[in-house]
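Got your viewer open? Let's take a walk through this structure, one selection at a time.

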Amino acid sequence: MKKSILLLLLALFGLVEHAKAQDEGHVHSGVLLELGLQSRIGYHHALPLGFVVGTHIGYELHTNPIGILTKEAPLKFTFPMLLPSASLELRWYTGREKSEDEINKGFYILASGSFYSHLGGAIFDARYRGPWDYRWATKAGLGFQSPLSDVLYSKIEVGGQFSYPIPGGSGREYAFPYADIGIGVKL
């Protein structure tokens, strides 16, 4: 156990030293509009050491967690829900170069918290028309963002999501992989 903690602390120290060596001005702040599996408008604020904090509101297309949780259902990924969402996100860009287009670029590590509602959403699969209306979710993943022009960029993310009902609500908890691919515009 002590060796594991020591290795974890050394890895964390290495990440911090790597971050300090980066050019702190390589990330940018700005308002953005993204269209894809997550369609949202948001604001990203640059922090030191390659970190960016973002807030978003919009819609998210959800994949099917049933095939992952039960042995009876085959493993398949359909999109049974389009739900309104609000999220708070933290990214750490690993690249060293500064984007001349003032669009964040390169690989990043992502952690976020989101709030979803069935109200105002579209539920395409009847299995998901349950009694719960609101859910929380946490995500962790990896992504890559690349400028296409001075205001346009493309993005791809993969990771995992854990979703659970709000306290006092009904429904069940579930975890499932997620992916997002889309195009964004820096406004």
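Start by selecting Arg-91 and Glu-89: both of these residues are buried. Keep in mind as you look around that this is a predicted model. Now show the side chains of the pair, and you'll find Arg-91 and Glu-89 meeting in a salt bridge, 2.8 Å from N to O.

That pair has company. Add Glu-34, Arg-40, Lys-155, Glu-157 and Asp-180 to your selection, and together with Glu-89 and Arg-91 you have one network, joined by salt bridges that share partners. By the rule used here, the salt bridges come to 8.

Next, zoom in on Glu-34. Which residues does Glu-34 pair with in salt bridges? One is Arg-40, with the closest N and O atoms 2.9 Å apart. Another is Lys-155, and there too the closest N and O atoms are 2.9 Å apart. Now color the strands: Lys-155 sits in strand S8 (residues 152-165) and Glu-34 in strand S1 (residues 30-36), so this pair ties together parts that are 121 residues apart in sequence.

Are these charged partners buried or exposed? Glu-34 has a relative accessible area of 3%, so it counts as buried, the cut-off being under 20%. Lys-155 is buried as well, at 4% relative accessibility, and Arg-40 is buried at 6%.

Stay with Arg-40 for a moment and hop over to Ser-87, which touches it. Other contacts of Ser-87 are Gly-54, Thr-55, His-56, Gly-113 and Ser-114, leaving out residues up to four places away in sequence. You'll find Ser-87 in strand S4. With a relative accessible area of 13%, Ser-87 is under the 20% cut-off and therefore buried.

Time for the greasy part. In soluble globular proteins, nonpolar side chains tend to be buried together. Select Met-81, Leu-83, Tyr-116, Ile-123, Ala-137, Tyr-174 and Phe-176: these 7 residues are the largest nonpolar core. Strand S4 (81-93) and strand S9 (174-186) each supply at least two of its residues.

Pick out Ala-137 from that core. What does Ala-137 touch, not counting residues up to four places away in sequence? Its contacts are Ser-112, Gly-113, Ser-114, Tyr-116, Gln-161, Phe-162, Ser-163 and Tyr-164.

For the last stop, select Val-27, Val-52, Tyr-108 and Tyr-178. They are among the 6 residues of a second, separate core.

Definitions and conventions
Residues are numbered from 1 along each chain as its sequence is written. This is a predicted model: local features need pLDDT of at least 70, side-chain atom pairs count only at pLDDT 80 or more; totals for chains, interfaces and linings use all residues. Side-chain values use heavy atoms; hydrogens and water are left out. A nonpolar core is a set of buried Ala, Val, Leu, Ile, Met, Phe, Trp, Tyr and Cys residues joined through side-chain atoms within 4.5 Å. Buried means under 20% relative accessible area, exposed over 50%, partly exposed in between (1.4 Å probe, protein chains only). Helices (H or I, at least four residues) and strands (E, at least two) are DSSP runs, numbered from the N terminus. Contact means heavy atoms within 4.5 Å. A salt bridge is a side-chain nitrogen of Lys or Arg within 4 Å of a carboxyl oxygen of Asp or Glu.
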